[in-house]
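Okay, everyone, thanks for coming. Let's take a few minutes to walk through this one together, so have a look at the screen.

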Amino acid sequence: MKIYGFQKTTLLDYPGHVAATIFTGGCNFRCPFCHNGGLVLCPDQIRPIEEEVVLAYLKKRKGILEGVCITGGEPTLQPDLKEFLRKVKAEGYRVKLDTNGYNPRITGEIMEEGLADYVAMDVKASLPNYARAAGCPDLDLSRIRESIGILKSGRVSYEFRTTVVKGIHTVEEFDAVGQLLEGSRVYYLQSFRHSGEVLQKGFCAFLPDEMEKIAEMARKYIDKVELRGVE
């Protein structure tokens with residue numbers, strides 16, 4: 001599998017576990033607020049990390065690390081993702097998969113085969129605003145609905161999350177997002193943060209009191225709604 005970044009230790013990426021994070025390249029979305037622009041647009045300009053190097057490190061750190069987070073870019077675009085996950089699971093690691101939900105078939109297969117223990121799906125916006133938030137005018141929104149349904153089936157632990165961006169979202173639209181995710185286990189609202197690799201400049205974060213209003217809207221439909229990155 002093509003690996004373009006490797007964080008050897010993280011306490012943040014996999015809730016409740018000491019983990020390593022693996023970054024894949026390429027994405028089928030072009031979210032204007034994406035903070036990993038290099039991985040999305042031009043991964044081939046980044047020197048890849050050999051899969052064997054990563055696996056050797058994971059072998060060495062067994063007993064210290066508990067999990068591996070696979071993120072991107074969009075990991076489900078990798079043709080040999082499942083094969084790589086089998087190797088990680090063979091070492092006894094828990095796996096967290098980050099995905100934008102646009103490949104429900106692959107996500108479903110990974111869950112059915114027991115290759116992921118936790119899936120985090122980015123829900124970009126309310127459905128009427130999804131194409132703008134994803135930077136893609138011709139999205140098949142049925143794929144998003146299907147992925148949401150697959151995760152809500154409860155086969156593995158999961159979370160839904162939205163990076164909330166002033167200039168992309170409105171406070172009011174999170175009533176519709178709440179309805180879309182109604183009955184979900186957990187929903188995280190992440191405050192936008194600037195990065196030197198953001199695809200499009202000019203965005204900013206909502207104020208803390210605005211984020212609280214957004215959370216209250218979602219709580220009408222989802223019991224556990226939490227804020228991340230709000231200071």
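Let's start in the sheet, and keep in mind that this is a predicted model. Strand β5, residues 118-122, runs parallel to β6, and five bridges link the pair. If you want a spot to look for, find A120, which sits opposite E159 in β6.

Quick reminder for anyone new to this: strands of a sheet pair through backbone hydrogen bonds, either parallel or antiparallel.

Now go to the other neighbour. β6 is also parallel to strand β7, residues 187-191, again with five bridges. Here T162 has L189 in β7 as its bridge partner. And how do β6 and β7 fit together with a helix? With helix α7, residues 174-180, they form a right-handed β-α-β unit.

So is β6 mostly buried or exposed? Six of its eight residues, in the stretch 157-164, are buried, so the strand is largely enclosed by the rest of the structure. One of the elements around here is helix α6, residues 141-152, which lies across β5 and β6 and runs at about 140° to β6.

Okay, zoom out. The whole sheet is open, with eight strands in the order β1-β2-β3-β4-β5-β6-β7-β8 and mixed pairing. β1 and β8 are at the edges with a single partner strand each, so one side of each has no neighbour in the sheet. From one strand to the next, the twist averages 20°.

Last stop, the largest nonpolar core. It has 68 residues, and F29 and Y187 touch the most other members. Click on F29 and you'll find contacts further along the sequence, including V40, Y102, L139 and I144.

Methods. Residues are numbered from 1 along each chain as its sequence is written. This is a predicted model: local features need pLDDT of at least 70, side-chain atom pairs count only at pLDDT 80 or more; totals for chains, interfaces and linings use all residues. Side-chain values use heavy atoms; hydrogens and water are left out. A nonpolar core is a set of buried Ala, Val, Leu, Ile, Met, Phe, Trp, Tyr and Cys residues joined through side-chain atoms within 4.5 Å. Buried means under 20% relative accessible area, exposed over 50%, partly exposed in between (1.4 Å probe, protein chains only). Contact means heavy atoms within 4.5 Å. Helices (H or I, at least four residues) and strands (E, at least two) are DSSP runs, numbered from the N terminus. Two strands pair if DSSP finds at least two bridges between them. A crossover is right-handed if, with the strands pointing away from the viewer, the path from the first strand over the helix to the second runs clockwise. Axes are lines fitted to C-alpha atoms, for helices over the stretch in contact, and angles run from 0 to 180 degrees between N-to-C directions. Lists of a residue's contacts leave out its neighbours within four places in sequence.
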